[in-house]
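Here is a protein chain to read alongside some short questions and answers. Each answer sets a value against a definition.

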Amino acid sequence: MKYDAILILDFGGQYCHLIGRRIRELGVYSEIVPYSISPEEIKQLNEEFNIKGLVLSGGPSSVLENGAPKINPKILDLNLPILGICYGHQLLAYMAGGEVAPAGRKEYGVAYVNINKPVDILKGLGSVEKVWMSHGDTVFSLPQDYEVLAYNENCPVAAFRHGQKPIYGLQWHPEVVHTEHGMQVFVNFLFEICKCEANWRMENLVDKLIEEIKTEIGCGKAIIALSGGVDSSVAAAIAARAIGDRLTAVYVDHGFMREGEDVFIREAFQNFNLNLLIVKAKDRFYNRLKGVTDPEEKRKIIGEEFIRVFEEIAEGIGAEYLIQGTIYPDRIESGFNKLSDKIKSHHNVAGLPTRTKFKKIIEPLRDLYKDEVRKVATLIGLPEELVKRQPFPGPGLAARVLGEVTEEKVEIVRRADAIIREEIEKTEFKNHLWQYFAVLTNAKSTGVKGDARAYGYVIAIRAVESCEAMTASFARLPYELLEKISTRITNEIPQVVRVVYDITHKPPATIEWE
């Protein structure tokens, strides 16, 4: 059976794979391809899928720059519906001879647009729409055969369509949850304009992942980096189905784990059909991090040390492959695409050393978002305590200690993190929050304890709501809950005298502080 499919031409935008995810949510298969794909390559893909339309993603470039990425103009002659988003919107206008120039005022975040023609791609939208913008350039005018569908005071052409061809542009990001009716835009594009049939299901993906691992590893052996989070757990379960007892799961305790993590790992995976090794490696990680304060350097050191531990284990059991639970937000923030900006190095992506002893590092979940991974986890029958577990960074609490990582600092943030989790998990918020944790800031403050001056650390509480971790909103926790957490932290952790609450969305911040 051939699936109806949409190709997404990747210009390096932070939300490129989020577009693909939104399309898949609607039951239509999506494939991310390089922006430089040729018309001939699109025709070849059409032999495997029914290619029904193209989406041009956003990106960090400006169409006004020399050497700015552009599509092959002949793609416009394929008679396929095209939707340009952000950079893609500007590129389509620019290639048609429209005016694109730096905006008088850049827009980053929530904005409002006026819909003057709620037709085709904007069918069903209201006269004013709340949307998510992230752009520096703006389309100011279009050729005669195009018409403006939406605008605002900063963006005279916020959406357009071609008069005769199914070519559309949107300056805003319908794929981001902060755009209130973004999914309606995709419904219009997929089913009204591209005439797609919703014939793709997540179940199809599970079989594909198993087959991919079988093909990659063949008759060889592999180890998997198991952290106890849902990503590595899903990767481990799928790999076990693919290669059975030729898989060894390795849990590395680097000294930066949550309170009680070793016990959780043993209990959670005792019924898995896995060869499980728990490696105590605290001393070697702390020794490598002595005197290091730069967050990028910390992540790279941790990533390299992880690999060295895995190499030693693999050599001992004759394994040639390393499997990781890397997911898409890890890769996009690490700037894996040559056009993408690096936000920060993830220990399991850009934090990896350039040379390893493994024949190959396999990342079966590399194109999935966290909520998609959770859906796969449910499909393959993982226990609920793993499926719903909140994300935890690979560098562990080392990513939540600003400045140099010491045992004292890690113990402080570990205890604060446990208090935050204990209090939030007594409330209904535990079912609605994406992540909640403590950060030990690299600041000290004057306080008063027992009628005497105290000078100690500042803990920041971070709690966010999200669907896929590419965007997030700070959680509006009640003051009573925050007060209880703050009181416990300052009472139970002598070194802490002040607690603050982070009220920053992503973007502009990231979820983790480092």
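The turns below go from the whole chain to single residues.

Q: What kind of model is this, and which features count in it?
A: This is a predicted model, in which local features need pLDDT of at least 70, side-chain atom pairs count only at pLDDT 80 or more, and totals for chains, interfaces and linings use all residues. Residues are numbered from 1 along each chain as its sequence is written, and side-chain values use heavy atoms, with hydrogens and water left out.

Q: How many helices and strands are there in the chain?
A: The chain has 14 helices and 18 strands. Both are DSSP runs numbered from the N terminus: helices are H or I with at least four residues, strands are E with at least two.

Q: How do you know whether the radius of gyration agrees with a compact globule?
A: The radius is taken over C-alpha atoms, and the globule rule is 2.2 Å times the number of residues to the power 0.38. For 514 residues the rule gives a value near 24 Å, and the chain has 24 Å, so the two agree. Along the principal axes, the C-alpha atoms fill a box of roughly 75 × 65 × 45 Å.

Q: What share of the residues of the chain counts as buried?
A: Of the 514 residues, 59% count as buried. Buried means under 20% relative accessible area, exposed means over 50%, and partly exposed is in between (1.4 Å probe, protein chains only).

Q: What share of the contacts with a separation of 6 or more joins residues 24 or more positions apart?
A: Such residues account for 75% of those contacts. A contact means heavy atoms within 4.5 Å.

Q: Why is the pair of Phe306 and Phe310 called stacked?
A: A search of the whole structure finds ten aromatic pairs. In the pair of Phe306 and Phe310, the centres are 5.8 Å apart and the planes 15° apart. Rings of Phe, Tyr and Trp (its six-membered ring) pair if their centres lie within 6.5 Å; planes under 30 degrees apart count as stacked, over 60 as edge-to-face and the rest as tilted. The pair of Phe306 and Phe310 is therefore stacked.

Q: Where do Phe306 and Phe310 lie along their helix?
A: They are four residues apart in helix α9 (residues 295-317), so about one helical turn separates them. Phe306 counts as buried because its relative accessibility is 10%, and Phe310 counts as buried because its value is 3%. Both belong to one aromatic cluster with Phe256, Phe285 and Tyr286.

Q: What makes Ser233 buried or exposed?
A: Its relative accessible area is 0%, so Ser233 is buried. Ser233 sits in helix α6 (residues 230-243). Leaving out residues up to four places away in sequence, Ser233 touches Leu226, Gly228, Phe269, Leu382 and Leu386.

Q: Why is Glu261 called buried?
A: Glu261 has a relative accessible area of 3%, so it is buried. Its place is in helix α7 (residues 261-268). Beyond residues up to four places away in sequence, Glu261 touches Ser227, Tyr251 and Arg389.

Q: Why is Lys484 called partly exposed?
A: At 44% relative accessible area, Lys484 falls between the two cut-offs, so it is partly exposed. Lys484 belongs to helix α14 (residues 479-492). Not counting residues up to four places away in sequence, Lys484 touches Glu423 and Lys426.

Q: How far apart are Cys467 and Val177 in sequence and in space?
A: They are 290 residues apart in sequence and 8.0 Å apart in space, C-alpha to C-alpha. Cys467 lies in the loop between β16 (452-465) and β17 (473-474). With neighbours within four places in sequence left aside, Cys467 is in contact with Arg21, Val177, Asp371 and Trp434. Its relative accessible area is 38%, so Cys467 is partly exposed.

Q: What is noted about the phi of Cys86?
A: Phi of Cys86 is positive, about 60°, although Cys86 is not a glycine. Most residues other than glycine have a negative phi, and most peptide bonds are trans. Cys86 is in the loop between β4 (82-85) and α3 (87-95), and its 4% relative accessibility makes it count as buried.

Q: Which peptide bond leading to Pro507 is cis?
A: The bond from Lys506 to Pro507 is cis, with omega near -15°. The bond joining Pro507 and Pro508 is cis, with omega about 15°. Pro507 lies in the segment after β18 (496-501).
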